[in-house]
Amino acid sequence: METTSGTAEPVSGELASVAHALSLPAESYGNDPDIEMAWAMKAMQHAEVYYKLISSVDPQFLKLTKVDDQIYSEFRENFEKLRIDVLDPEELKSESAKEKWRPFCLKFDGIVEDFNYGTLLRLDCSQGYTEENTIFAPRIQFLAIEIARNREGYNKAVYTSVHDKEEEKEEGNHGREKGTDSGRAEEKGDIREREKTKTNKGEEKEKGADKEISKSGETAL
């Protein structure tokens, strides 16, 4: 069945509206629940891709933007003592923190694409994107903290943890395979023993029969 133009146009219009909304900065949509949901979905997709990236590649070698060096330099110049392995939300969300972050973020307007788009940021960098471990943050704030975490070695905890689990899984599979091979060898050994026992019993019966024949022959003579 062909789709009528009357049905297609509203759908296209809805998609266009969502696309337009997502092209706007986070602060532009206020508290509209539909747009907030669209933003949340987009942010979650971004988070999933990023977490897979730091799980599969040593984070120290990652480059997130063309201006990583500038972002990192500016970040540590302005937030030299900020603890980034486990973030304190107050260091990001309090009024005094926002006053300090605002000029830093605005420096990258026109330099970093979508610099103030909403993203998900992990509080504890050794953990994943759980509800308790996640806060909403502008993209430039996410980039500044994650670039620093990568360069300073904090995100390696994720990479190491994932690869340790994979190695344990491989070792477990190898152990099971080895156990299976051992079991097969034991089973073959048991079969050989049974066959050997059967053969010995057969030979004993034959010898007994020969003796009986010989004995009966002697008697007859």
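Which residues are exposed on the other side of α5? Keep that in mind as you go through these views of a predicted model.

**View 1. The whole chain, from end to end.** Let's start with the parts list: the chain has 7 helices and 2 strands. Follow the sequence along and you'll meet them in the pattern α-α-α-α-α-β-β-α-α. The chain is 221 residues in total, and 29% of them count as buried.

**View 2. Helix α5 along its length.** This helix takes in residues 95-106, which makes 12 residues. At 1.5 Å a residue, α5 should span 16 Å, and its end C-alpha atoms turn out to be 17 Å apart, so the two values agree.

**View 3. The two sides of α5.** Look for Ala 97, Trp 101, Phe 104 and Cys 105: these are the buried residues of the helix. They cover an arc of only 95° around the axis, so they sit on the same side of α5. And here's what the opening question was after: Glu 95, Ser 96 and Leu 106 are exposed on the other side of α5.

**View 4. The neighbours of α5.** What do the buried residues of α5 pack against? Three other helices: α3 (68-78), α4 (90-93) and α6 (139-151).

**View 5. Contacts and surface of the chain.** Take the contacts in the chain with a separation of 6 or more: 67% of them come from residues 24 or more positions apart. As for the outside, the accessible surface of the chain is about 15300 Å², and carbon and sulfur atoms account for 52% of that.

How values were computed
Residues numbered from 1 in each chain as written. Predicted model: local features only at pLDDT ≥ 70, side-chain atom pairs only at ≥ 80, totals over all residues. Heavy atoms only, no water. Helix = DSSP H or I, 4+ residues; strand = E, 2+ residues; numbered from the N terminus. Expected span 1.5 Å × (residues − 1). Buried < 20%, exposed > 50% of the residue type's maximum accessible area, 1.4 Å probe, protein only. Arc of directions from axis to C-beta. Contact = heavy atoms within 4.5 Å. Areas by Shrake-Rupley, 256 points an atom, 1.4 Å probe, with all protein chains shown as cover.
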